[in-house]
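Me: Please take a close look at one part of the structure shown below and describe how it is placed among its neighbours. A single connected account would be most useful, and other local features may follow once that part has been described.

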Amino acid sequence: MQISQSRVKDYPEKPLFSILIPSWNNLEYLQLCVRSLQQQSNFKHQIIVIVNEGKDGTLNWIQESDLDYVYFEQNAGICYALNACRKLIRADYILYANDDMYFLPNWDKPLWDEAQKLGHSKFMLSSTMIEPFETGNNCVSVGDFGDSVQTFKETDLLASYEKLYKNDWSGSMWPPNLMAVEMWDLVGGMSVEFTPGMYSDPDLCMKFWKSDVRYFKGIGNSLVYHFGTKTTTRIKKNNGYYQFLRKWGIDSGSFTKFYLRRGHVFEGELQEPVIPGKRKLKIFYKNLMGYFKNV
């Protein structure tokens, strides 16, 4: 994948976070996402937009803005896109976000406070998403404020989002997630074999786990509204489930349940997993089946 254009401006003061936002012909959502970051962040951050194709006006819009960006003439997917930003990053922390997210007031302070409290780089932190529909994901708050830019009830959301705070939860994995550049470099960023990106999030977490990270925390009072699946429904997906299984010898569901304890109330650093015998048999069977899958 070849970068066609890029731009990074000078920063007299180091920004707190470098916020990486991949976008694929999704201009209305991208503009809303960027506006929310500019209006509702407590601190000064660097925003880097990865423009994939940009045929819907995104490229023209980003060129006329003062945002940092990289541009691919073709859709590079998530993994190549995020890795391509490395030379542009000016902060000590990376925040990976989706373009169909709206950041709510005070989203960044709880993340920053948590990172400073830890005093080390071996962590992954996530904001908590508010989504319009119940999906069974207990890491998410449910509140229907619209499922598109056109139906978005921004005023109502801003008036009531604090009611949707959650307890801090275990299993940070999805964007928006915050990590130290030091850890990003150590694990080599995203794994491009997962292009265009299905299951690249648990893969990144497993790489962190293998690098002795045990602090995977979702912050219950750092909120973003997530419209959801505005890009993934348009792409040809990689068979990430079996790619993850064959790479790590365990399925992603077992990893998130027994290693990351996703959705449990956060209780501190995670311990080595205890996997029941029946689950081990299931993993063995899935591994066996994986050898016959074309991934």
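Reply: Helices and strands are here DSSP runs, a helix being H or I over at least four residues and a strand being E over at least two, and they are numbered from the N terminus. The model is predicted. With this numbering, Met1 falls in the segment before strand 1 (5–7).

The part chosen for the close look is strand 7, which covers residues 124–131. Buried means under 20% relative accessible area. In strand 7, 8 of the 8 residues are buried, so the strand is largely enclosed by the rest of the structure.

The pairing of strand 7 involves several other strands. With strand 11 (residues 216–226), strand 7 pairs in the parallel sense over 7 bridges; within this pairing, Met124 has Phe216 as its bridge partner. Strand 8 (residues 141–142) also runs parallel to strand 7, and 2 bridges join them; here Glu131 is partnered by Val142. Strand 10 (residues 177–180), by contrast, runs antiparallel to strand 7 and is joined to it by 2 bridges. Opposite Ser126 stands Asn177 of strand 10. In a regular strand, side chains alternate between the two faces of the sheet.

Strand 7 also borders an internal space. A search of the whole structure finds 1 cavity of 30 Å³ or more, and the volume of the largest cavity is about 50 Å³. Its lining consists of Ser126, Ser127, Thr128, Met129, Cys139, Val140, Trp169, Trp174 and Pro175. Strand 7 supplies the largest share of this lining, 4 residues. Ser126 therefore appears twice in this account: it lines the largest cavity and it stands opposite Asn177 in strand 10.

Pro175, another residue of the cavity lining, leads to a backbone feature. A cis peptide bond, with omega of about -5°, joins Pro175 to Pro176, and Pro176 belongs to the loop between strand 9 (169–170) and strand 10. In strand 10 itself lies Leu178, which counts as buried because its relative accessibility is 0%. The C-alpha atoms of Leu178 and Asp108 are separated by 9.9 Å, although the two residues are 70 residues apart along the chain.

A second cis peptide bond may be described alongside this one. Thr195 and Pro196 are joined by a cis bond with omega of about 10°, and Pro196 is found in the loop between helix 6 (181–187) and helix 7 (200–210). Tyr199 lies in the loop between helix 6 and helix 7 as well; it has a positive phi of about 70° although it is not a glycine. With a relative accessibility of 33%, Tyr199 counts as partly exposed. Asn25, in the loop between strand 2 (17–24) and helix 1, also has a positive phi, near 50°. As background, most residues other than glycine have a negative phi, and most peptide bonds are trans.

Towards the surface, Met1 is exposed, with a relative accessible area of 55%. Met1, Tyr80 and Val192 make a nonpolar surface patch of about 260 Å².

Note on methods: Residues are numbered from 1 along each chain as its sequence is written. This is a predicted model: local features need pLDDT of at least 70, side-chain atom pairs count only at pLDDT 80 or more; totals for chains, interfaces and linings use all residues. Side-chain values use heavy atoms; hydrogens and water are left out. Buried means under 20% relative accessible area, exposed over 50%, partly exposed in between (1.4 Å probe, protein chains only). Two strands pair if DSSP finds at least two bridges between them. Patches are made of residues with over 30% relative accessible area and no salt bridge: like charges are joined within 9 Å, nonpolar side chains (Val, Leu, Ile, Met, Phe, Trp, Tyr) within 5 Å. Accessible areas come from the Shrake-Rupley method with a 1.4 Å probe; for residues, only the protein chains shown count as cover. A salt bridge is a side-chain nitrogen of Lys or Arg within 4 Å of a carboxyl oxygen of Asp or Glu. On a 1 Å grid over the protein atoms alone, a cavity is a set of points where a 1.4 Å probe fits but cannot get out, and a pocket is an open set with protein on both sides within 12 Å along at least five of seven lines; lining residues have an atom within 4 Å of a point. Grid points are joined across faces, edges and corners, and a volume is the space filled by probe spheres set on the points.
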